[in-house]
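Please work through the exercises below with the sequence and the model in view. Each task is followed by a stepwise solution.

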Amino acid sequence: MITMFPKRAYRILVFAFLLHGIGLAPVFPSPQQTAPATSGKQKAQRNSGDAWWRHAVIYEIYPRSFQDSNGDGIGDLNGITSRLDYLRDLGIDSIWITPMYPSPLVDFGYDVSDYTAIDPLYGTIADFDRLVSEAKKRNIRVIMDFVPNHSSEQHPWFKESRSSRTNPKRDWYIWRDGKGPGEPRNNWQSWFGHSAWQFDPATNQYYYHHFYKEQPDLNWRNPEVRKAMYDAMRFWFKRGVAGFRIDAVSRLFEDPDLHDDPIVPGRNAYGDPNILHKYTDNLPEVHEVLREMRRVAEEFPGSRILISEADEPNISELTKMYGKNDEVQLPMDFQIADVNKLSAPDFRRLLDEVENNPAGGQPHYFFSNHDQPRQWDRYGDGEHNDQIAKLIAALLLTPRTTPLMYYGEEIGMRTTPPARKEDVQDPIGKIGWPEEKGRDGERTPMQWDNTKNSGFSSAQRTWLPLPPSAAEYNVESESRDPNSILSFYKKALALRRTEPALQHGSYVTVDRDNPFVLSFLRKNVGKGNSILVVLNMSAVPQTIKFDLASLGIKESSSKPLIAAPQLGPDATVLAHFTIPAFGVFIGAVH
Ligand code: GLC
């Protein structure tokens, strides 16, 4: 039986645990920071607005697919370590590695069976420590994925929990009686299709799972769960990780009264009636947990960060994730990622909204990740794809943001979904085929060169196939071509580092009514030039008359720093500025 505490009593209990579990914890040294910091200095750094993560570029690595070092067709930690020089030369400051904890791999690592170990498939804890220390030598910080909403059904905690109704861990998960024989308590649906309740005959109750049935939800109203999870975070912080990307965090709590979710017209890809996840998503208690996690992060020196998977419905919900600078520093902005069409007005509006978020939080933009088709396939028009890849790169790397890249976007990797149901690896694709083909398409191995398996693995067969486009789009070929997508990324990443206006400048949109071209200024706050960014989101050339005098720009032309297609070195006249189809211009203005 689940014991529900009255809210007040429960808060007092949590508070007691916090004092015990968080407040008294010691401060640990930071193997990743460059200079030793005291907690006072750390606070000052946070408040000065100049913490490392404000200027960092973060790069997401799907470990199964980055580099295989032992020939089993699956990427691993030593593989990542062997590619650190590439990441340093590309201009990356931090890598986020999606889960490599022990896992039955039903959801490819997002079903964790031990939060404080490494799955042998990916290596050992010693390999992990070596990765962190080799990364540090190259000034690259390592961010882990943290999966708090659910564990694997194979986690010892769940095995205990399901063993009897009186087991001490019973209340670590969400168990409920059914409504009647064969009938779950309410209409809550799994994000991955069908009922979110799974019947367990051993104890004649249902458990709740927001994702697959093999991923039972942990009960975050239980203080012991919180303590165990915060201790798992500490375990990795002590090993020198720079922070966590927190998975599916808005799903931590469900309505204790189990109201049915509202049904709306239509059916989803799994054939279920559409519902609004009103009672299983974004409950206010989520923010209490984020504040607690932030306090755990702050036990450690070196400005450790929290990134949240914040697929929030609008900017105002997203803004709540910053709290009062006491929740996460970087909520991933799905609004920007999923505009899904090249629309200057849409991007302008969204960038402005985030820029002015009432919490004053740092924007965190991305376009692709391991859950959604790659940007090329969502923003390309089939004809100008390479040019559009550069345009999206500029859109990611030049506004005021901590950009998040997904491995392979820098070479224009394509989404390659499986052609046949029998080839599908991701269970979503198995349940939803053919409408929902799953996420294999965006998880294919990294394309390094033109050797066997594009240099990813020496295996006969890799866990997902390399697409035919790998012959043209790979690191080695693109490194030799100054006009490749990779060369464009390298230039843009280098410019971010060297131009003070891109590091610290404010963000001001200009030519605000233009329906086709997104233009903005990164206004230098100190001495030196500002940067003008002009992105033509249409398939025809556009001419603009810029008037930047009111923004303190005195000169009438701009010197190109990066342009695609390439321009000559001559300065461009601002009052009569022509930009080619899907063109990118990044120039200095005084
Ligand atoms: C997040 C992950 C996704 C995973 C899900 C369940 O959305 O990004 O890959 O399937 O959580 O853990």
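The exercises concern the ligand and the pocket around it.

The model is predicted: local features need pLDDT of at least 70, side-chain atom pairs count only at pLDDT 80 or more, and totals for chains, interfaces and linings use all residues. Residues are numbered from 1 along each chain as its sequence is written, and side-chain values use heavy atoms, with hydrogens and water left out.

**Exercise 1.** Determine which space the ligand takes, and describe its lining.

*Solution.* Step 1: the ligand takes the space of the largest pocket; a molecule sits in a pocket if more than half of its atoms lie within 2 Å of its grid points. A pocket is an open set of points, on a 1 Å grid over the protein atoms alone, where a 1.4 Å probe fits, with protein on both sides within 12 Å along at least five of seven lines; lining residues have an atom within 4 Å of a point.

Step 2: 36 residues line this largest pocket, and Trp191, Phe192, Asp371, Ile428 and Arg439 lie nearest its centre.

**Exercise 2.** Identify the residues closest to the ligand and its polar contacts.

*Solution.* Step 1: the ligand is surrounded by 13 residues, the closest being Asp107, Asp247, Glu309, His370 and Asp371; a residue is near if one of its heavy atoms lies within 4 Å.

Step 2: polar contacts are pairs of N or O atoms within 3.5 Å. Oxygen atoms of the ligand lie 2.5 Å from a polar side-chain atom of Asp107, 2.9 Å from a side-chain N or O atom of His150, and 3.1 Å from a polar side-chain atom of Arg245.

Step 3: the protein buries 96% of the 300 Å² that the ligand exposes when taken alone, by the Shrake-Rupley method with a 1.4 Å probe.

How values were computed
A polar contact is a pair of N or O atoms within 3.5 Å; within protein, one must be able to donate a hydrogen and the other to accept it, and residues adjacent in sequence count only if both atoms are side-chain atoms.
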